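Biologist: Could we look at a protein model together? I would like to learn how the words used for it are earned.

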Amino acid sequence: MEVLKERVEEEEEAERAERAEKMMRPMEVRKEDTTRTQEMLRDLERKLSEIEVSILKKPSTFTKDTIDISKLPLSYQSNTPKEEHLLQVADNFSRQYSHLCPDRVPLFLHPVNECKVPKFVSTTIRPTLMPYPELYNWDTCAQFVSDFLSAVPLPDPLKPMVKEEEKAPPKKYAVKPPRDLTSRFEREQEIKRQEAVKAEAEKRLKQGERLEEQESAKTDPLHGLRVHSWVLVLSGKREVPENFFIEPFTARSYSTQDDHFLGIESLWNHKNYWVNMQDCWNCCKDLVFDLGDPVRWEYLLLGTDKPLLSLTEEEDDGMNDDDDAENLGKEDEDKSFDMPGSWVEQIEVSPEAFETRCPNGKKVIQYKRARLEKWAPYLNNNGLVCRLTTYEDLQCTKTLEIKEWFQNREDMLELKHINKVTGLNIDYFKPGHPQALRVHSYTSMQPEMDRVMEFYETARVDGLIKREETPRTMTEYYQGRPDLLSYRHVNFGPRIKKLALNSAESNPRPMVKITERFFRNPEKPADEDVAERVFLILEERIQLRYHCREDHITASKREFLWRTEGDSKGNKIIMTPDMCLSFEVEPMEHTKKLLYQYEAMMKLKNEEKLARHRAWESELEVLKILKLREEEEEAHALTISIYDTKRNEKSKEYREAMERVMHEEPLWQAEAQLDYLAPFLAQLPPGEKLMRWQAVRLKDECLSDFKQRLIDKANLIQARFEKETQELQKQQRWYQENQVTLTPEDEDVYLSYCSQAMFRIRILEQRLNRHKELAPLKYLALEEKLYKDPRLVELLQVFV
């Protein structure tokens, strides 16, 4: 020992001498530094610039919100004695489990909370009834929760929580690393080789070959080892027919037989904790979810809400002894332990937070070749609440299609589907659009382009279901019409004048052919019920095809050839047999007569004019819808409920107006109670006592004035009534004189004016009749009021 002490003392003296020597040589070091040349400094700078410093990335950890722990309740910051007891029970249970099942992963029992206090997992659950009906069902409740959750990968995918190890502080005195003796040339060659490999990899990446090879040959080394949590819903209560899983991040339901769920380690609710003791070799398909079976599910506490398995009859008979029952009850009473109450506060979700859903009102989820964005309602001015974008590549640079969902739009737009490859846009609408639109498919909003419009037929009086349009054709499909029309196809020719495309009203496209089809009319014979008629406008021909009889395989046909020849006066068409070509399955005598054929041809000519007019109206309707859609897209106005007082300006103004009315109502009442005798009393000298003859004169003047005002009001209403009647008669005479030359637009204007004029006339007539009925009653009421007036009652008693 003495020899060791001497050696230690010698080493300490040597170290002190070395430190003293170093303290005495600073000036010499500075002199040597000054002797370095500029070339050495440049060489050193170049070497330092070539050194690549690799910064180790810190593993991703959970982002913690800034929470003031001091403001949290005491239940968050500490444990009650019962909770401490529960933690001891859980530790004892975990040790036994690890001893009996050493090959299984440790149980997830008591993680730490925001205050770094360990809490048992069952006590973190607090059942709460929310005041929102949407949260009463599992699907909408799961969707609400998934909107708030964001998937953050674990630092270690095999463990639910990873504690960061504290790094030891660096020592003040450490051994210097050895000098780097690697060849600079070899390092440069290695860098060039890596750059070449990287360039080749990027080239193959752009071509997509390497990605497909990796995806096809890629295997997951952690398959079946990752840790994940989801929700199990057991059957039995609330009419749940079978067990199923809920994925919390997607709010989707899965069967227990689904291959995505490989096994279960443990289950817990707010009452107990169970460990799965069954073999999961076949995933979760063969698991029995009877939590009362202690062989398949090992429970933590005896106080479980699931009953144990029923005992056999022999065991049941053997437990009838009173002593055994008493002892068993005492033993269970000693060992039982109830789950403590939840330490978390009751969940309170304000209406604003419930509506916002996602944190800050927006959430972005990145999928493989897809990107999902969610917004809270009314956050975007156009009502956009969700957008799904799919991409062609994994880097999400080439867009394939976009789907956008909307809410609270005045134009009832619900979904917009945009295909970036074909350029096709599809708009979906909810019921309530001004033009009853249901679906609008188009590549361009310009008129006379390829498009398809589908409508809600119950909201249209013409029964239109769908309209297909191309630059030269228009096809319409109908249902539920009185005339049984089901199909109309119009072929257009080129315009005579080259004007703007939106000038269909002033420069319509010439119609070449119109084809109409009809449903079967059971009230007519099949040979007289037209199934299809074709108007060949330029060829001046009309082709008819009738419905086929039930016991026939062919149908009758008829074709009319239109000729403009007339008689000597030129005002009648001369009908000849060659102007009607027909094929009849069972010929009839009346169909061969020229009079029948002439009447049928004249009727068809009128039908042709009507069909051309309706096709022209369809063109105008398309232009109207396109113009309306452009205005709706520019305005993108949103509907606001009258109960939403924060956003609804009209409701806010109405509420303020009502408050103002309530405030001003006493003033109005005071004004309503003005003295009706004041204008007549003002004519008398002030302070003079009222005489009897003066009281009579005041009464008569007041009644006379009131009577004159009633008469004036009746005359005013009568004058307005006569004026409106004269204006209507004037317009009717104008219509009779110009009826032949009027356009459909002029007729619409005339009919609209007549409707409004008749409405005003009826209102004036009702007001006049009501005034005539109430005027005598008002006069008598005023007279009675004058006789009871305290200022006149004594003077007028003699006249009563």
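Modeller: Here we talk through a few terms, one at a time, and remember that this is a predicted model.

Biologist: Why are β2 and β3 called paired strands?

Modeller: Pairing asks for at least two bridges between two strands. Four bridges join β2, residues 244–247, to β3, so β2 and β3 meet that cut-off. The two run antiparallel, and E247 stands opposite R252 in β3.

Biologist: What makes β1 and β3 edge strands?

Modeller: The sheet is open, with three strands in the order β1-β2-β3. β1 (231–233) and β3 (252–255) each have a single partner strand, so one side of each is left without a neighbour in the sheet. Neighbouring strands here are turned by 30° against each other on average, direction ignored.

Biologist: Nice! What holds strands of a sheet together in pairs?

Modeller: Strands pair through backbone hydrogen bonds.

Biologist: Now to the inside. Why can M453, M511, I514 and F560 be called members of a nonpolar core?

Modeller: A nonpolar core takes buried residues of certain kinds, Met, Ile and Phe included, joined through side-chain atoms within 4.5 Å. Those four have the most contacts inside the largest core, which has 36 residues. Met, Ile and Phe are on the list, so the four fit the term.

Biologist: Which element supplies the largest share of this core?

Modeller: That is α12, with nine residues. β14, β16, β17, β18 and β20 are among the elements that each supply at least two.

Biologist: What does M511 touch beyond its close neighbours in sequence?

Modeller: Its contacts include V490, F492, I537, A615 and W616.

Key:
Residues are numbered from 1 along each chain as its sequence is written. This is a predicted model: local features need pLDDT of at least 70, side-chain atom pairs count only at pLDDT 80 or more; totals for chains, interfaces and linings use all residues. Side-chain values use heavy atoms; hydrogens and water are left out. Axes are lines fitted to C-alpha atoms, for helices over the stretch in contact, and angles run from 0 to 180 degrees between N-to-C directions. Buried means under 20% relative accessible area, exposed over 50%, partly exposed in between (1.4 Å probe, protein chains only). Contact means heavy atoms within 4.5 Å. Lists of a residue's contacts leave out its neighbours within four places in sequence.
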